[in-house]
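User: I have a model open and would like to talk through how some of its parts fit together. Could you take me through it?

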Amino acid sequence: MTGTAVAPPPTVKPSAQHHRSRFADPAVGIWLAAAAVTALGWTVVAARGGDFLTLANVVGILQNCVALGLVAVGQTAVILTGSLDLSVAYLISLGTLVAATTMEDGGVVTAVLAVLALSAAVGLANGLIVTGLKVNAFIATLGTAFILRGWIEDNYTGPAGQVTVSFQHLGYDRIGPFPVSLFLLLAVAAVLWLITRRTRFGHHLYATGGDEHAARLSGVRTRRTVVAAHVLCSLCVGAAALFLAARLGSGAPWAGTEARYDLESIAAVVLGGTALAGGRGGVVGTLGGVLVLAVLDSVFNQLGVDPFFKNVVRGVVIIAAVALYARRGSRRPA
């Protein structure tokens with residue numbers, strides 16, 4: 001008996017599916033965007049008669065990535081749980097002051113420990129307020145920011161303390177074109193990546209942000225997870241404060257607020273594909289977001305762009321990125 005052969009349905013090669021899924025990953029997308037922004041910036045600056053990819057400019061971009069990157073990496077851990085931290089800017093300012101005044105009277109090790117202890121205490125307070133008192137994270141950390149601001153304004157009228165010359169090497173030395181401080185950022189980011197991707201605690205971060213109620217029913221101690229995330233975030237902020245103290249040579253009450261590290265860090269996290277609702281994203285994408293913001297700043301500075309227009313462009317970029325991620329998420333099959 002003969003019959004008509006039925007052709008099998010077309011199949012998609014696994015390699016093609018793999019490549020498509022990788023390009024759909026926000027972390028990959030933001031790094032491609034960073035490369036595109038760098039190329040576009042180089043072209044525009046060159047058209048205006050400038051030179052964008054000089055050694056000094058590349059070093060400046062990488063140094064500008066360090067402080068924001070440290071804060072944003074810590075902010076990522078908090079946002080993954082569905083929380084956030086608006087106290088980071090004032091904690092940085094206070095951290096630089098504590099570091100410089102402690103180094104003036106004591107040693108480097110004592111200053112580093114003091115800043116990290118202060119940071120851990122602030123993070124613990126934020127976490128306990130959010131989980132224990134059931135205060136919305138936005139309000140809780142904003143309240144902490146006001147407390148830190150009040151302490152700074154009551155005790156400091158300007159720069160204070162002096163950072164030892166040996167510690168200032170962290171802010172200025174480099175190995176070839178790479179600032180030494182960049183390795184601090186990469187080390188902290190690597191630790192956070194390992195924590196979020198390779199540990200049970202990291203899985204709890206994603207589970208808590210994805211669905212806190214379901215995570216609790218599955219045995220995850222969600223309150224403890226959120227508190228630990230806030231402590232991790234503040235420790236990263238403490239590292240940023242130490243770096244800025246090394247750069248400035250003294251403590252500065254405006255070190256964190258002038259650069260708006262609170263909103264800038266959240267912007268970098270969102271650009272990197274981490275959902276503000278929590279449960280999705282990661283450190284790799286955040287670093288890409290930091291690089292995009294640093295390159296944009298460098299391009300704007302070389303072109304002498306008006307500060308208002310700078311903020312408009314940055315706002316448009318962030319809104320477009322979030323809209324794109326939301327659209328991709330809505331297309332995923334249920």
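Analyst: Let me start with one residue: Leu182 touches Leu62 and Val66, where contact means heavy atoms within 4.5 Å and residues up to four places away in sequence are not counted. This is a predicted model, in which local features need pLDDT of at least 70, side-chain atom pairs count only at pLDDT 80 or more, and totals for chains, interfaces and linings use all residues. Residues are numbered from 1 along each chain as its sequence is written, and side-chain values use heavy atoms, with hydrogens and water left out.

User: Is Leu182 buried or exposed? And which helix is it in?

Analyst: Leu182 is buried, at a relative accessible area of 11%; buried means under 20%, exposed over 50% and partly exposed in between, using a 1.4 Å probe and protein chains only. It is part of helix H8, which covers residues 180-198; helices here are DSSP runs of H or I with at least four residues, numbered from the N terminus.

User: How far is Leu182 from Val59 in space?

Analyst: Their C-alpha atoms are separated by 9.8 Å, although the two residues are 123 apart along the chain.

User: What about H8 and H11, at what angle do they pack?

Analyst: The angle is about 175 degrees and the axes are 11 Å apart, the axes being lines fitted to C-alpha atoms over the stretch in contact, with angles running from 0 to 180 degrees between N-to-C directions. H8 and H11 are therefore roughly antiparallel, a label for angles over 145 degrees, while 65 to 115 counts as roughly perpendicular, under 35 as roughly parallel and the rest as oblique. On the H8 side the contact involves Ser181, Leu184, Val188, Leu192 and Ile195, and on the H11 side Leu232, Cys236, Ala239 and Phe243.

User: And what does Leu192 touch?

Analyst: Leaving out residues up to four places away in sequence, Leu192 touches Val73, Ala77, Leu232, Cys236 and Val283.

User: Switching topic, how do H9 and H11 pack?

Analyst: H9 (residues 200-210) and H11 (residues 222-248) pack at about 105 degrees, with axes 10 Å apart, and they are therefore roughly perpendicular. Phe201, His204, Leu205 and Thr208 of H9 meet H11 residues including Thr225, Ala229 and Leu232.

User: Last one, which residue lies over the face of Tyr172?

Analyst: That is Arg247, at 4.6 Å from the ring centre; the criterion is NZ of Lys or CZ of Arg within 6 Å of the ring centre and within 35 degrees of the ring normal.

Terms used: Helix = DSSP H or I, 4+ residues; strand = E, 2+ residues; numbered from the N terminus.
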